[in-house]
Amino acid sequence: MGGAHSREELISDSDEEEYEEENEEEEENFQDSKDETPERSSSGRRRPKTPSSLDEVEAKLKALKLKYPSANTQNPSLNNAVKLYLHIGGNTPKAKWVTSEKLTSYSFIKTSKINGQDDEEDGEESENEEANGEAWWVLKVGNKIRVKVGVEMQLKTFGDQRRVDFVSKGVWAMKFFSDEVYRSFVSKFNDCLFENTYRIESNDANKVKVYGKDFIGWAKPVAADDSIWEDAEDSPLKSPQSATPLRANQDLREEFEEAANGGIQSLALGALDNSFLVGDSGIQVVKNFAYGVHGKGIYVNFDHGSQRSGSSLVHSTPKKALLMRAETNMLLMSPMTEGKPHTNGLHQLDIETGKIVSEWKFGKDGTDITMRDITNDSKGAQLDPSGSTFLGLDDNRLCRWDMRDRNGVVQNLATSTPVLNWTQGHQFSRGTNFQCFATTGDGSIVVGSLDGKIRLYSINSMRQAKTAFPGLGSPVTHVDVTFDGKWILGTTDTYLILICTLFTDKDGKTKTGFDGRMGNKIAAPRLLKLTPLDSHLAGVNNKFRNAQFSWVTENGKQERHLVATVGKFSVIWNFQQVKNGSHECYHNQEGLKSCYCYKIVLKDDSIVDSRFMHDKFAVTDSPEAPLVIATPMKVSSFSISSRR
């Protein structure tokens, strides 16, 4: 476990020079910092440097006091001059920044040969590239860095240090010699990022096309109404500032860890007595305690039950488990094809008997259809003992399903597969590309899409969204919403996006975007990111998954934390800190406010899911219910302590 800030020390000029003098030998030995390795004797000691004719010539030239650029020059004549650093040592005690280039320069070039070396460097693309539309903006720094401008770089700005950090096959930092050059770099980088993302030139007119005139604050955060964030903090149940632990080894303590029976594929947390680990061959039942979940020794095998052997769903591993009917029943959803989420049906498991009592099919107007995802009617719907409906989502469908037979007659499972009753919903024209959805406490619906858009639907209509947020260009792969509907958390591969849905209508009343059209008084979103170093340590192929709020099902209670999974990391943010506009993370930032203040729980294996238990399991010495983390073979519970 570890935090983010301990590895992000200041890089001051005095520290750099002192480090370079005292550690010159180590720096020259680092292959990415120096091109040559110094000669060494067989004993390992450094040999005295033998004078050479080249050294003598260089000494005589320096004696003439010619004007050579140097690292100490405060106003280098080199265009776009920067000092380049490389981070070495990962997250070990020996981790540090080393100087890679005392003086080099950066440039933005447009090219189709992102990994090539022989391209035009004046920022202009060739005629063939322009005609084919294949050119991309690339950042080039000296001869060591050549990377496509994108969110994958995880660029982080430090205005007070005239510094930017980013990832490109390693973690780099550039320090600029003047505020003017620093600001010019940030502005040009953002323009290149916009053009690479949307494939159109970065200008005011195109930003209006992309975001819409009501959301121009997303492109120009300084023009947005940020006061709504502060207004939303007036809840008497604020998270205390100490809610996110300051020292992980002291304040995030592991209560339980145990092996699971078979590879865990998903996690279904209950608010009552039990939670469930869905694995390759069955479901393991675990007991809910105030300090986490612990095994009961009960295991439900999928091949025990009344399902027919010819079923195409019987032997596939469920990727989604949904609790219903006061947590006595569970819906299990398995993909038809490996790697794709769509399915044409699901199983209904009776938890009390441990048997699958029905296999349902999705159908509309006599035709079988597929679903990408399912969820409960509302945040607390799984606690309703009489609940028989749930929501379904496909690429271009949003609907409500009813498990009750419309004729009041129980169908004969031996001769037919019952078809769920489509009771409400809409089949949209192609192009919505829905990916994920979630519900509020009152049953309003938020939907995330492949193009990054996030749509809000009221409890009264699934046909037309009340509000549609434009997104920031990255697909939204998971979405969550607070119980009161005031906050939305979207997951993309490289960052989380937190949106406030509050607005003031023409009568001066405060509403959410689920209840009415928000007009042009819309707050800019905030981003939650990993630092470039943590992003690099998480692994280039690991992406953010399943970000969600802590779990409340009662009006007047406020979620306290946000948690997301990326590779072997479970990443926790303090919700109150993220909302606080004066929080230290937001100082000296350019563009949308990005929060890097988090805690990491590191596991030995890739994490399947990380979720907070229901807030009823919070105890007096902890401001938050336990965090449950599942890997394929283990499940662990962590308590967050308020003690300092």
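This report describes the overall make-up of one protein chain and then turns to its salt bridges.

## The chain as a whole

The structure is a predicted model, and the values below are computed from it. Eleven helices and 41 strands make up the secondary structure assigned to the chain. The chain has 644 residues, of which 52% count as buried, and it exposes about 30,200 Å². Carbon and sulfur atoms supply 46% of that exposed area. When contacts between residues at least 6 apart in sequence are considered, 59% of them join residues that are at least 24 apart.

## Salt bridges

How many salt bridges does the structure hold? The count is 19, and the table gives three pairs that are among them, with the distance between the closest N and O atoms in each pair.

| Pair | Closest N and O atoms |
|---|---|
| Arg 162 and Asp 179 | 3.9 Å |
| Lys 213 and Asp 214 | 3.7 Å |
| Asp 394 and Arg 397 | 2.9 Å |

In the salt bridge between Arg 162 and Asp 179, the closest N and O atoms are 3.9 Å apart. Arg 162 lies in the loop between strand 6 (156-158) and strand 7 (163-167), while Asp 179 belongs to helix 5 (residues 179-198), so the pair ties together parts that are 17 residues apart in sequence. Arg 162 is partly exposed, at 25% relative accessibility, and Asp 179 is likewise partly exposed, with a relative accessible area of 39%.

Lys 213 and Asp 214 form a salt bridge whose closest N and O atoms are 3.7 Å apart. Lys 213 is exposed, with a relative accessible area of 65%, whereas Asp 214 counts as partly exposed at 26% relative accessibility.

Are the partners Asp 394 and Arg 397 buried or exposed? Asp 394 has a relative accessibility of 6% and Arg 397 one of 15%, and because buried means under 20% relative accessible area, both residues fall in that class. Their closest N and O atoms are 2.9 Å apart.

Salt bridges also link residues in a group: Glu 257, Lys 603 and Lys 634 are joined in a network of them.

## Summary of the pairs

Taken together, the three tabulated pairs cover several kinds of surroundings. Asp 394 is buried, as is Arg 397; Arg 162 is partly exposed, as is Asp 179; and the exposed Lys 213 is paired with Asp 214, which is partly exposed.

Definitions and conventions:
Residues numbered from 1 in each chain as written. Predicted model: local features only at pLDDT ≥ 70, side-chain atom pairs only at ≥ 80, totals over all residues. Heavy atoms only, no water. Helix = DSSP H or I, 4+ residues; strand = E, 2+ residues; numbered from the N terminus. Buried < 20%, exposed > 50% of the residue type's maximum accessible area, 1.4 Å probe, protein only. Contact = heavy atoms within 4.5 Å. Areas by Shrake-Rupley, 256 points an atom, 1.4 Å probe, with all protein chains shown as cover. Salt bridge = Lys/Arg side-chain N within 4 Å of Asp/Glu carboxyl O.
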